[in-house]
Amino acid sequence: MNIFKVLPVAPEQASERAFGYDLIFWTITILAVVFTILVFALVLALAVRYRRGSSADRRYPVYHSNGIEAVLTLVPLVLGLGIFAWSSADFVKFRQRPKESMEIFVIGKQWMWHLQHMNGIRENNELHIPVDTPITMTMISQDVIHAMYIPAFRVQYHVVPGRYTEMSFTATKPGRYKMLCAMHCGTQHSEMVGFVYVMSKSDYARWIEGGGNRYEPRAATMVAAGEQVWNRKACGNCHAGMDTVRGPTLNGIFNAQRRLTDGSTAKAAPDYLRESILLPWLRLTKGYETTMPAYKGQLTEEEVLQLIEYIKSNSNTSTSGSPQPYSAPGARTLPTPTHPENATNRANRYGSAGVTQSEEGAMNAR
Ligand code: HEC
Ligand SMILES: [Cu+2]
C-alpha cells in the first residue's frame, strides 16, 4: 500500500528507490511539522497561563530539571542520528553502480540533453529505456555545470565539464516522465527539458531494433563510432598492438594500473583516459615524453566517450600486460603505422628517444 500516493504534492513514483526516498522525505517533514506545532502550542499556552495578572500558582518555580533536560537532549539526538543513519544507508545503496546495467551516455550542453545508447542510437531531449532494467548513465557537460534530474525516479546528479559522473537507477513503471536540468545554467535553462519514455521490454526491443527514433539516422555503435574517430585522427600511427617507441599500446589498458614518469601509478579508468587524450602531458606514461598531441578542442565530448568505449572494447580480448595484435571482436584490426616519414614523425620518434631498447623491452614485458 502506498499512502503517499494520495498526497498530490510529489511526482509519480516510477523507480526502485522512489518509495524509500518519499518515506524519508515525509518522515522528516512530518517530524518537523509535529515539533513546530508542539513548540508553538507550548509557547502560546504558557504565555496565556503565566501572563501578567493571571492567577497561576507561582509559589514553586522550577529552575532546573534533569529529567526535562534529558528528554530535550536525547529525543532530538536520537531522531537526528536515526534519520542520518537511515538516509546515509539509502544514499550509499543508491550511489552504487549495479553489477549489470545498461549504459547510457549523457552529454549536457546549453541548452539540451544529448543521449546515446551503447548500440549507437542517439536521442536529443528524449530517452527511451526498458522497464525493470538497471540503467547507468555516464555523464559529462560540454560547457557549464548542469544536473540531470528525473523527478519521477527521484534521481538527480551533477553533470560537470571536465569529468565523468555516474548515476544509476531502475525504472519500474512504463510511462512518460519529465527529464530536467536542475542546475541554473544560463538564460534558457528552463527550456533544457525532455522526456524519458519507459517502455515494456518487448516494446523497447522493437524500438531499438527499428533504429530508434525515425528522424535520427541510425548511427554506428559506440565502439564502431569510436573506431571511426580513432582512424580519422590516426591514433594508430602511434598506438599499435604493442608498446613501440611512438607510443604505448592501449590494448588491454582499460582499468589497468599505468606506471607514470613521476614514479606514481594511475588506474586507466574513464576519467584518466579522457585526460590522457585531451591533455596527455599532465600524466605521462613511464618511458615516454610529450610527443602525443593534445586533442583538447579537437574532439567533442561525444567523440571522447566513443574513443574510450573503443579502447575499452579492446580490453576484453587481451590478457593485460602481454602485447598482442589488436584483435577486438568484429574484425577490428588496428592498422600498423604506415604513414610516410616526415619531419613530424621523425621528431616524434626522436622526441621519445629517451626510451632505450632495454627499457622498451622492459615495457613490453610489463
Ligand atoms: C604522435 C604520436 C601519438 C598520437 C598521434 C596519439 N598518441 Fe596517445 N600517446 C602517445 C604517447 C607517446 C603516449 C605516452 C605519453 C603520454 O602519456 O602522453 C600516449 C598516451 C596515450 C594514452 C595513455 C596511455 C597510458 O599508457 O596510460 C591514451 C589513452 C592515448 N594516448 C590515446 C590516444 C588517442 C585516443 C589518440 C588519437 C585521438 C592518440 N592517443 C594519438 C603518442 C600518441
Ligand atoms: Cu543545464
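In this predicted model, strands β5 and β8 run antiparallel and are joined by 6 bridges. One of these pairings sets Ile135 of β5 opposite Phe169, its bridge partner in β8. On β5 there is a second pairing, with strand β1: β1 (residues 102-109) and β5 (residues 134-141) run parallel and are connected by 7 bridges. Here Met102 has Ile135 of β5 as its bridge partner, and Ile104 stands opposite Met137 in β5. Ile135 thus appears in two pairings, with Met102 and with Phe169 of β8.

These strands belong to an open sheet of 5 strands, arranged in the order β3-β2-β1-β5-β8, with mixed pairing. The edges are occupied by β3 (122-124) and β8 (165-170); each has a single partner strand, so one side of each is left without a neighbour in the sheet. On average, neighbouring strands of this sheet are turned by 25 degrees against each other, direction ignored. When reading such a sheet, it helps to recall that side chains in a regular strand alternate between its two faces.

Two details of the backbone deserve attention in the loops. As a background to both, most residues other than glycine have a negative phi, and most peptide bonds are trans. The peptide bond from Gln110 to Trp111, by contrast, is cis, with omega near -5 degrees. Trp111 lies in the loop between β1 and β2 (112-117). The other detail concerns Asp132, which is not a glycine and yet has a positive phi of about 55 degrees. This residue is found in the loop between β4 and β5.

The model contains another open sheet, in which 5 strands follow the order β4-β10-β9-β6-β7, again with mixed pairing. Its edge strands are β4 (126-130) and β7 (155-159), each of which pairs on one side only. From one strand to the next, the twist averages 20 degrees. Helix α3 (residues 201-209) packs on this sheet and touches β4 and β10; the direction of α3 makes about 125 degrees with that of β4. Within the sheet, β9 (residues 175-181) and β10 (residues 194-199) run antiparallel and are joined by 5 bridges. One position to examine is Arg176, which stands opposite Tyr197 in β10.

The description now turns to the packing of helices. Helix α1 (residues 18-49) and helix α2 (residues 66-95) pack at an angle of about 165 degrees, with their axes 11 Å apart. Angles over 145 degrees count as roughly antiparallel, and α1 and α2 are therefore roughly antiparallel to each other. Their crossing is left-handed. The contact is formed by Gly20, Ile24, Ile28 and Leu31 of α1 together with Leu79, Ile83, Trp86, Ser87 and Asp90 of α2. By class, the residues of this contact comprise 6 nonpolar, 2 polar and 1 charged.

Helix α6 takes part in two further packings. With helix α4 (residues 222-232), the axes come within 7 Å and cross at roughly 105 degrees. Angles from 65 to 115 degrees count as roughly perpendicular, and α4 and α6 are therefore roughly perpendicular to each other. On the α4 side, the contact is made by Met222, Val223, Ala225, Gly226, Glu227, Val229 and Trp230, and on the α6 side by Glu303, Gln306, Leu307, Glu309, Tyr310 and Ser313. This contact has 7 nonpolar, 3 polar and 3 charged residues.

The other packing joins α6 (residues 301-313) to helix α5 (residues 270-278), at an angle of about 115 degrees and with the axes 10 Å apart. The crossing of α5 and α6 is right-handed. From α5, the contact includes Pro270, Leu273, Arg274, Ile277 and Leu278; from α6, it includes Val304, Leu307, Ile308 and Ile311. The classes here are 8 nonpolar, no polar and 1 charged. Leu307 of α6 takes part in the contact with α4 and also in the contact with α5.

Finally, helix α5 leads to the surroundings of ligand 1, since it gives the most to the shell around this ligand, with 3 residues. There are 27 residues around ligand 1, of which Cys235, Cys238, Gly247, Pro280 and Met292 come nearest. The shell divides into 16 nonpolar, 8 polar and 3 charged residues.

Technical notes. Residues numbered from 1 in each chain as written. Chains lettered and ligands numbered in written order. Predicted model: local features only at pLDDT ≥ 70, side-chain atom pairs only at ≥ 80, totals over all residues. Axes fitted to C-alpha atoms, helices over the stretch in contact; angles between N-to-C directions. Helix = DSSP H or I, 4+ residues; strand = E, 2+ residues; numbered from the N terminus. Left-handed = near helix turned anticlockwise from the far one by under 90°. Contact = placed C-beta atoms within 7 Å. Nonpolar A, V, L, I, M, F, W, Y, C, P; charged D, E, K, R; others polar. Parallel < 35°, antiparallel > 145°, perpendicular 65-115°, else oblique. Pairing = 2+ DSSP bridges. Near = placed C-beta within 6 Å.
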